[in-house]
Amino acid sequence: MSNEMYRLTVNGIEHEVKDAWAGESLLYVLRERLGLPGTKGACEQGECGSCTVVMDGEAVCSCLVMAATAVDADITTVEGLSLDGEPTDVQQSFVEAGGVQCGFCTPGLIVAVHHLLDRNPNPDELAIKEAISGNICRCTGYGRIFAAVELARDQRRAMQAK
Amino acid sequence: MNATTSTRTRGALGSSALRPDGIPKVQGRFAFSSDAWADSMLWGATLRSPHPHARIVSIDVSGALSINGVSAVITAKDVPGQLTYGLIASDQPVFASEVVRYAGEPVAAVAADHPETARRALDAIRVDYEVLPPLVDAEDAISGSFPAIHPDGNVIRRQRIIRGDQSFMGDVVVEGYYDVGMQDQAFLGLEAALALPDDAGGGVELFVATQWLHEDQKQIAACLGLPIEKVRLTLGGVGGAFGGREDISLQVHCCLLALTTGRPIKMQYGREESFFGHIHRHPARIFMRHHADRDGTLRRVEARVVLDGGAYASTSSAVLINAVTHMQGPYKCEMATVDGYAVRSNNPPCGAMRGFGVVQACFAHESQMDKLAAACGLDPVDIRLKNAMRTGDRLITGQVMDSVAPVERCIRETAALPLPEPLPADPDPLLIPGGAGLTARRGNITRGIGWGVSIKNLMYSEGFDDYATARCRLANGVATLQFATAEVGQGFVVLAQQIARTVLGVDTVLLEPISTAIGSAGSTSASRQTWMSGGAVDGACRLVRERLFEHVAATHHVDPLRLVIDGMDVVDSMGTLRVTVAEASHGLTFDETFEHHHRATEELDENGQGNCHVAFAFVAHRAVVDVDTELGLVKVVQVATAQDVGRVLNPLAALGQVEGGIAQGLGLAVMEEIVLENGRMRNPSFTDYLLPTALDAPDVVVSMIEEPEPQAPLGAKGIGEPPCISVTPAIVAAIRQATGKELPRVPVRPHDIVFG
């Protein structure tokens, strides 16, 4: 352990990280030091996507990022997608379309889908599948997750059309 | 019309009511067991054997204890109570002491102030092993050629089924050997728990992800040497289970560290440790011989079933019974000769996984049905229709099939579902075998279609009374439910609310924490909770409704038997009285508890005869695959299925179970296997153990067959397991059709297709 301190900007708020071991992953620091356990860990190898966060506009696996190297980055976690406590359109769609069972992969998927729709508001079926192919879900077989993403996409499209 | 009739109960049975944990889960606010946290908690970690079989000569923990930040190191000699645990036989040590029997077996545990400190402490423990040759071939366990690796011997159970003429030979005989690899449950939420010692140090409270709180409680208390009431369990959020959380993993270690240090202990496995920390699906080798008349009528099955149970018994004996009693498949068959073994080895322990022995049996019997069809000149659908089991048929155990058995309808409705479009001449590379690797060439791709049909028992078998308990309180129009039913993702929490809304005519249904503060609900496994805990919630709500009706009847001077619930009102069915449930229960509390028991079952006799199962469900699958025959790559294009569900209680949740099960069956068919080499796992990680991704998911077309099951409290059968059972042989049959290869093992690997 060290006595050094570094700062992380998460969901628009600057946090001080003190007395941390320099080898800690961003995932660990978010969950265990910053009180943000919404981001989940399930493989520690960047294979499952449960720990997906957005870092400077890119979706990354926070298990593969050393926290101490993320000092200058803007980090968004699942907790930061809606700051007023109301579910986002994507979050609501996941519940309504049956995209949630055990829910462990869900926060990572929610972040990945927000990231997808923010970049590409009109993804087709294949673009959706490709975008979330780095997020493993063991419960749903993905069918209701595809339906949830399509629901969120169509609702945004309808909003745009108004 | 009375104004109150406009308020209808929302989210009643039959609707796609939304799960109450949905919003917290999508917002990241739902507390999984790995999210549990306590002031001044320490981190627990486990030291595991690197050897599949070795004698422990000595353990020196002094190096670990001298590390700053390490509070405790415990080994077998620190276990205060029973030294072993187990679901059926108590044969698995809390910590290995004299011998280790599999690579990954716990030897010691530490508590430290940081996960990294704990890891360093594990490195500093010196264990001196005398390495022994491992027993890794199940046949060596059966033949007795290997010395016993456990005091209970190398055969966990043998069970025969002998029925009818044992020398009968059919006009048509087909046979083959079939192998099933070791599959992992691969739930996403890794094993995790938080143990809090009582202030006085006399007991412990555990927040844990499990499938059966009360069974854990019993085993933990025995190992801690504590009375059962001193060990209290609350369900921490569970990130999937699929059978892999039936057995004890870190529970005893975590509690023991908490009692030893007097501090809260958090333990959580990483993915690699998870592969070592829970049991897997049994690898199987099955020989089958089918005897039929020339027209394809099935007359006799012969089978030899060998399940490798690994180092400890877990549920192997029950998995074996499921395998041997389902060898005929969903087909009428009067004669049988089945010999089954579940054996012990120095491979990783195996136990429950979705499908529980029937997955292995089904791969063999469905592969055989296709061989039989070919031998009789029938197509795969006709051979299955011809032999389809019906209610009233006798099973090879002598038990009469008295469940609703719409096997023929499952097959016909599946066949009626639309087939996918042909692969276009210039498909998107993501849609062809190998996907984004861009390796397959259109010209090498062949399409195949295959079938699988299955039968699956529901609930526990062989005389076990796996009852479920639930409590319902109604006050001021609000119902509160309490049960110990493990919510592992399947959605029992929403089903329970739907039941209460339907029975009691209320809108708001609150759920108490899921804990051992109420009686057992049995395990969330064996497709049993909708039937069992659903029956318990239904029973408790009905008792409350009776009390409510008695109260309304007394107040309004009517016969309680005339009262019914209509929407959110209590209504006199033969008069004009109408009062809302909220008004009727105003200022009052009705509080009832109900235990649901299924009918009794029997043990099998030495010839495998007896009414050992409670009930059955059926399903048919048709798979369409594209195969690159040159590279051995497979893309599962579509799976069509018609499933016997009794009654759909929540269409969205039911569909989720069907689609999710199909993905797991697809995994076993073409990608998922724990590869063993002399007892050691070669691929304990998500990099090397491949799981289906969004790009592997086939289109799934579903027909739910609703013929309510009279035995079932809500008319609904369990739906969790059937989806993953016959989809595996259906996919393999489709690959066989596309390639002409025999493919007698799953998962089918590229080299099986290219060189097989």
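In this predicted model, helix α5 of chain B passes helix α6 of chain B in a right-handed crossing. The two helices, spanning residues 213-224 for α5(B) and residues 251-261 for α6(B), pack at an angle of about 45°, and their axes lie 10 Å apart. That angle makes α5(B) oblique to α6(B). On the α5(B) side the contact involves B:Asp216, B:Ile220, B:Cys223 and B:Leu224, which meet B:Gln251, B:Val252, B:Cys255, B:Leu256 and B:Leu259 of α6(B). Sorted by class, the residues of this contact are seven nonpolar, one polar and one charged.

A little further along chain B, the loop between α6 and β14 (265-268) holds B:Arg263. Is this arginine, B:Arg263, buried or exposed? With 20 other C-beta atoms within 10 Å, B:Arg263 is buried, because burial is assigned once 20 or more other C-beta atoms lie within that distance. Setting aside neighbours within four places in sequence, B:Arg263 is in contact with B:Ser40, B:Met41, B:Leu42, B:Ser71 and B:Ala258. In addition, the C-alpha atom of B:Arg263 is separated by 8.5 Å from that of B:Ala195, a residue 68 positions away along the chain.

Stepping back to the whole of chain B, there are 17 helices and 33 strands. The radius of gyration of chain B is 27 Å, close to the 27 Å that the globule rule gives for 756 residues, so chain B is as compact as a globular protein of that length. Taken along the principal axes, the C-alpha atoms of chain B fill a box of roughly 80 × 75 × 55 Å. Burial applies to 60% of the 756 residues of chain B. As for the contacts in chain B with a separation of 6 or more, 81% are accounted for by residues 24 or more positions apart.

Chain A comes next, with five helices and five strands. Read along the sequence, these elements of chain A follow the pattern β-β-α-β-β-β-α-α-α-α. A compact globule of 162 residues would have a radius of gyration near 15 Å, and the 16 Å of chain A agrees with this. The C-alpha trace of chain A spans about 55 × 35 × 25 Å along its principal axes. Of the 162 residues in chain A, 52% are buried. Among the contacts in chain A between residues at least 6 apart in sequence, 59% join residues at least 24 apart.

Within chain A, helix α2 packs against two partners, α3(A) and α5(A). For the pair α2(A) and α3(A), the angle is about 125° and the axes are 9 Å apart. These two helices, α2(A) and α3(A), are therefore oblique to each other, and α2(A) passes α3(A) in a right-handed crossing. The contact is made by A:Val90, A:Gln91 and A:Phe94 of α2(A) together with A:Thr106, A:Ile110, A:Val113, A:His114 and A:Leu117 of α3(A). Its residues divide into five nonpolar, three polar and no charged.

How do the axes of α2(A) and α5(A) cross, and within what distance do they come? The axes of α2(A) and α5(A) cross at roughly 135° and come within 8 Å. The result is that α2(A) is oblique to α5(A), and the crossing of this pair is right-handed. From α2(A), the residues A:Asp89, A:Val90, A:Ser93, A:Phe94 and A:Glu96 meet A:Ala148, A:Leu151, A:Ala152, A:Gln155 and A:Arg156 in α5(A). By class, this contact has five nonpolar, two polar and three charged residues. A:Val90 and A:Phe94 of α2(A) thus appear in the contact with α3(A) as well as in the contact with α5(A).

Finally, the two chains meet in a contact that takes 42 residues from chain A and 48 residues from chain B. On the side of chain A that touches chain B, the elements giving two or more residues are α2 (89-96), α3 (106-119), α4 (125-131) and α5 (143-161) of chain A. Which of these gives the largest share? That is α2(A), with four residues. Grouped by class, the side of chain A that touches chain B has 20 nonpolar, 14 polar and eight charged residues. Helix α2(A) is thus part of the contact with chain B and also packs with α3(A) and α5(A).

Key: Residues are numbered from 1 along each chain as its sequence is written. Chains are lettered from A and ligands numbered from 1 in the order in which they are written. This is a predicted model: local features need pLDDT of at least 70, side-chain atom pairs count only at pLDDT 80 or more; totals for chains, interfaces and linings use all residues. Axes are lines fitted to C-alpha atoms, for helices over the stretch in contact, and angles run from 0 to 180 degrees between N-to-C directions. Angles under 35 degrees count as roughly parallel, over 145 as roughly antiparallel, 65 to 115 as roughly perpendicular and the rest as oblique. A crossing is left-handed if the near helix is turned anticlockwise from the far one by less than a right angle, and right-handed if clockwise. Two residues are in contact if their C-beta atoms, placed from the backbone, lie within 7 Å. Ala, Val, Leu, Ile, Met, Phe, Trp, Tyr, Cys and Pro count as nonpolar, Asp, Glu, Lys and Arg as charged, and the others, Gly among them, as polar. The radius of gyration is taken over C-alpha atoms; the globule rule is 2.2 Å times the number of residues to the power 0.38. A residue is buried if 20 or more other C-beta atoms lie within 10 Å of its own, exposed if 12 or fewer, and partly exposed in between; C-beta atoms are placed from the backbone.
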